[in-house]
Amino acid sequence: MWRRLAVPAATLAAVAAAFAYVGAVDPNEPGHYPVCPLYRFTGLYCPGCGGLRSAHAFVHGDLLTALHDNAGGVAAYVAFAALWTAWVVQEVRGRPVRLDPGRVPAAVAGALLLVFTVVRNLPFGGWLHP
């Protein structure tokens, strides 16, 4: 069983290390991270804009700020936690892990991401700006 859990454990360790780094190195301080190229050249917010600030706030337990900086990022953190937990449960049970959401859920996720991106760049979507 320990062999089956090696990859999920390594994945969790890598994600935890990334969150620890972003939690320790504040993205709100200039010069630590590169500026989003889309925002720099067009002034438009991509779906990832504010993601590092969101992760920093999330690590420090400030959920409202994390949601303000990038609500899609917070949804992705929760989705990762749920998928990782399901992965570990399947590995412990000795069942093969299948991640095949199909076309409809993938299309819905893509549509939600597109709507999030468009709305945050419209005048009434200012509450979604990082």
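**Note on pockets and helix packing**

1. Start with the second largest pocket. Its lining counts 7 nonpolar, 1 polar and 1 charged residues by class. The model is predicted, and the points below should be read with that in mind.

2. Which residues line the second largest pocket? They are Phe80, Leu83, Trp84, Ala86, Trp87, Gln90, Val97, Arg98 and Leu99. The one polar residue in this lining is Gln90, and the one charged residue is Arg98, because Gln counts as polar and Arg as charged. The space in this pocket is about 190 Å³.

3. Now the largest pocket. Its volume is about 410 Å³. It is lined by 18 residues, and those closest to its centre are Pro27, Pro34, Val35, Cys36 and Arg53. By class, the lining splits into 11 nonpolar, 5 polar and 2 charged residues.

4. Which helix gives the most to the lining of the largest pocket? Helix H3, residues 51-59, does, with 3 residues. Arg53, one of the residues closest to the pocket centre, falls within the range of H3.

5. H3 also meets H1. Helix H1 spans residues 6-24, and its axis comes within 8 Å of the H3 axis. The two axes cross at roughly 95°. That angle lies in the 65 to 115 degree range, so H1 and H3 count as roughly perpendicular to each other.

6. The contact itself is spelled out by residue. From H1 come Phe19, Val22 and Gly23; from H3 come Leu52, Ala55, His56, Phe58 and Val59. By class, this contact has 6 nonpolar and 2 polar residues, with no charged ones. The two polar residues are Gly23 and His56, because Gly is classed as polar and His falls among the others.

7. Which residues of H3 are buried? Gly51, Ser54, Ala55, His56 and Ala57 are. The buried residues of H3 pack against H1, H4 (63-69) and H5. Two of them, Ala55 and His56, also appear in the contact with H1.

8. Check the backbone just past H3. There, Gly61 takes a positive phi of about 80°.

9. Gly72 sits in helix H5, which covers residues 71-93. Is Gly72 buried or partly exposed? Its relative accessibility is 32%, so Gly72 counts as partly exposed: the value is neither under 20% nor over 50%. Between Gly72 and Leu44 there are 16 Å in space, C-alpha to C-alpha, and the two are 28 residues apart in sequence.

Conventions
Residues are numbered from 1 along each chain as its sequence is written. This is a predicted model: local features need pLDDT of at least 70, side-chain atom pairs count only at pLDDT 80 or more; totals for chains, interfaces and linings use all residues. Side-chain values use heavy atoms; hydrogens and water are left out. On a 1 Å grid over the protein atoms alone, a cavity is a set of points where a 1.4 Å probe fits but cannot get out, and a pocket is an open set with protein on both sides within 12 Å along at least five of seven lines; lining residues have an atom within 4 Å of a point. Grid points are joined across faces, edges and corners, and a volume is the space filled by probe spheres set on the points. Helices (H or I, at least four residues) and strands (E, at least two) are DSSP runs, numbered from the N terminus. Axes are lines fitted to C-alpha atoms, for helices over the stretch in contact, and angles run from 0 to 180 degrees between N-to-C directions. Angles under 35 degrees count as roughly parallel, over 145 as roughly antiparallel, 65 to 115 as roughly perpendicular and the rest as oblique. Contact means heavy atoms within 4.5 Å. Buried means under 20% relative accessible area, exposed over 50%, partly exposed in between (1.4 Å probe, protein chains only).
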